[in-house]
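Work through the exercises below with the model open beside you. Try each task before you read its solution.

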Amino acid sequence: MEHIDWENVVKTYSGRVWSCVYRLLGNEADAADCFQETFLSAYRLCCSKKIENIEALLIFISTRRAIDMLRKRISQSKVNGHSEDLQLAAGSNPGPDSEAQNRELASEIRRALCRLPRKEAEAFCLKYMSDYSREQIAQELGTTGNRAGVLIFRAKSRLQKIFDSDNSRYKGEK
Amino acid sequence: MESKEKLEKAIEELKNLRIPAGASENLIAQTIGKIKEQERAGQAKIIKIRFLIKYAAAAAVILCAFWAGRASNRSALNNEQILLIENNLFKKMEPLVTTVVKNNITGQVQNLMAENSQSLLARVDEKYSRQLDDYAAVLLALSNKNTNTLIGDLVNVINEAQKREREMISETLGKIELARDKREEDLNNNFIRFAADTENEIEMTRQQLQTLIENKTKQENEPLQMKGEQNGKKNI
């Protein structure tokens, strides 16, 4: 096992990891848990195998952990019987209408991401949130570039369908 | 808003989300602390394992030393004892050795037999397959000949049937032609008869008309003649 200065690693990549987890979770407490989990998982992984690119690994782990936490949060909120949006709204400052609308959009896409298969959600987040190339995503997911492309395409199509169905339901209710 | 547009906007919104501040110093320190804790735990585990290995090695060395000490402390044996041990050993070993040798010989014989049987099987197999090939070739040739004969017969039968069919058709056509001729002749005769009958009828009608006209003329002339005769008588 090669020696890694973890103090330095945490300090160097804390900003990147934080923005990644916060963007997906939209909640400071969850983001903090996820942040710690990310670095601990990376440490455990580095103990068992050699890592080429620590930054890519951290981004991948943080995305995966954030999606897992998001799923957990949504399923818990379903069990508790209260909406996920209420928690988010309570934690955020009230602003102009457009800002509220944007926050609503962000929470909608978060909810939709939870309904995607795990790999598709990860590929989608790495592509659109972390600006990863198809090859980088393939490397992280342990697959080929073409397969990564297919995963991203499927994820986007599924999200589109979810948005479509939500739209039609909303119109129906109206 | 269209859902596609909405999705694009949502992605954009999530991407450009305002992140309130980086991870706090406290959080970073906590994370580093936890990693260090894990590092320490890992090191402790390694130390424990090393300790265990050391203990195991020491125990092994002690056991070896003990065994060597006991072996060297044994008193030397005399010839009788050696013979006794040898006899005992021989008695004990004989059945074992016999069994082992027997097994070995049996195994060798079996192997040999297996090899022989395998080569025999291979030869039989080869011969059998060669014979099968020959048989298949002969069968194929025969079946080809038979097929050719059958095809020839079939062609003959088809030709015969076609010939018979053609004859039947020409015969039928001849009959149709004859019938047509007969009908045509009958029609001509009937026309001639009809024309003759018509002519007779016309002649009779003409004669009747002529008689009628004559009679009429005679009837008209009779009163005039009588009047003339009366006038002549008067004049006279």
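**Exercise 1: Two helices across the chains**

In this predicted model, α5(A) and α1(B) are roughly perpendicular to each other.

Task: At what angle do helix α5 of chain A and helix α1 of chain B pack, and which residues meet?

Solution.
- Step 1. Find the helices. α5 covers residues 97-114 of chain A, and α1 covers residues 3-15 of chain B.
- Step 2. Read the angle. The helices pack at about 100°, and their axes are 8 Å apart.
- Step 3. Classify the angle. Values from 65 to 115 degrees count as roughly perpendicular, so α5(A) and α1(B) fall in that class.
- Step 4. List the partners. Asn102(A), Leu105(A), Ala106(A), Glu108(A) and Ile109(A) come from α5(A). They meet Lys9(B), Ala10(B), Ile11(B), Glu13(B) and Leu14(B) of α1(B).
- Step 5. Sort them. The residues of this helix contact divide into 6 nonpolar, 1 polar and 3 charged.

**Exercise 2: The whole contact**

Task: How many residues does each chain bring to the contact, and which helix supplies the largest share of the side of chain B?

Solution.
- Step 1. Count by chain. Chain A brings 29 residues and chain B brings 23 residues.
- Step 2. Look at chain B. Both α1 and α2 (25-73) supply at least two residues each to the side that touches chain A.
- Step 3. Pick the main contributor. α1(B) gives the largest share, 10 residues.
- Step 4. Check the character. The side of chain B that touches chain A has 11 nonpolar, 6 polar and 6 charged residues.

**Exercise 3: Comparing the chains**

Task: How many helices does each chain have, and what percentage of its residues count as buried?

Solution.
- Step 1. Take chain A. It has 8 helices and 0 strands. Of its 174 residues, 38% count as buried.
- Step 2. Take chain B. It has 3 helices and 0 strands. Of its 236 residues, 3% count as buried.
- Step 3. Look at sequence distance in chain A. Among contacts between residues at least 6 apart, 64% join residues at least 24 apart.

**Exercise 4: The largest nonpolar core**

Task: Which elements build the largest nonpolar core, and where does this core lie relative to the domains of chain A?

Solution.
- Step 1. Start with the size. The core has 48 residues. Those with the most contacts inside it are Val21(A), Leu24(A), Leu25(A), Ala31(A), Phe35(A) and Ala66(A).
- Step 2. Name the elements. Chain A gives two or more residues from each of α1 (6-25), α2 (28-48), α3 (54-80), α5, α6 and α8 (145-173), and α1 of chain B does so too.
- Step 3. Find the top giver. α1(A) gives the most, with 10 residues.
- Step 4. Place the core. Domain 1 (1-97) and domain 2 (115-174) of chain A both give residues, so the core lies between them.
- Step 5. Zoom in on Ala66(A). Beyond its neighbours within four places in sequence, Ala66(A) is in contact with Cys20(A), Val21(A), Leu24(A), Leu25(A) and Cys34(A).

**Exercise 5: Two single residues**

Task: Is Asp131(A) buried or exposed, and how does Ile54(A) count?

Solution.
- Step 1. Locate Asp131(A). It is in the loop between α6 (118-128) and α7 (134-141) of chain A.
- Step 2. Count neighbours. Asp131(A) has 9 C-beta neighbours inside 10 Å, so it counts as exposed.
- Step 3. Check the backbone. Asp131(A) has a positive phi of about 55°, although it is not a glycine. Most residues other than glycine have a negative phi.
- Step 4. Turn to Ile54(A), in helix α3 of chain A. Ile54(A) has 16 C-beta neighbours inside 10 Å, so it counts as partly exposed.

Note on methods:
Residues are numbered from 1 along each chain as its sequence is written. Chains are lettered from A and ligands numbered from 1 in the order in which they are written. This is a predicted model: local features need pLDDT of at least 70, side-chain atom pairs count only at pLDDT 80 or more; totals for chains, interfaces and linings use all residues. Axes are lines fitted to C-alpha atoms, for helices over the stretch in contact, and angles run from 0 to 180 degrees between N-to-C directions. Helices (H or I, at least four residues) and strands (E, at least two) are DSSP runs, numbered from the N terminus. Angles under 35 degrees count as roughly parallel, over 145 as roughly antiparallel, 65 to 115 as roughly perpendicular and the rest as oblique. Two residues are in contact if their C-beta atoms, placed from the backbone, lie within 7 Å. Ala, Val, Leu, Ile, Met, Phe, Trp, Tyr, Cys and Pro count as nonpolar, Asp, Glu, Lys and Arg as charged, and the others, Gly among them, as polar. A residue is buried if 20 or more other C-beta atoms lie within 10 Å of its own, exposed if 12 or fewer, and partly exposed in between; C-beta atoms are placed from the backbone. A nonpolar core is a set of buried Ala, Val, Leu, Ile, Met, Phe, Trp, Tyr and Cys residues joined through C-beta atoms within 7 Å. Domain bounds come from an automatic or database domain assignment.
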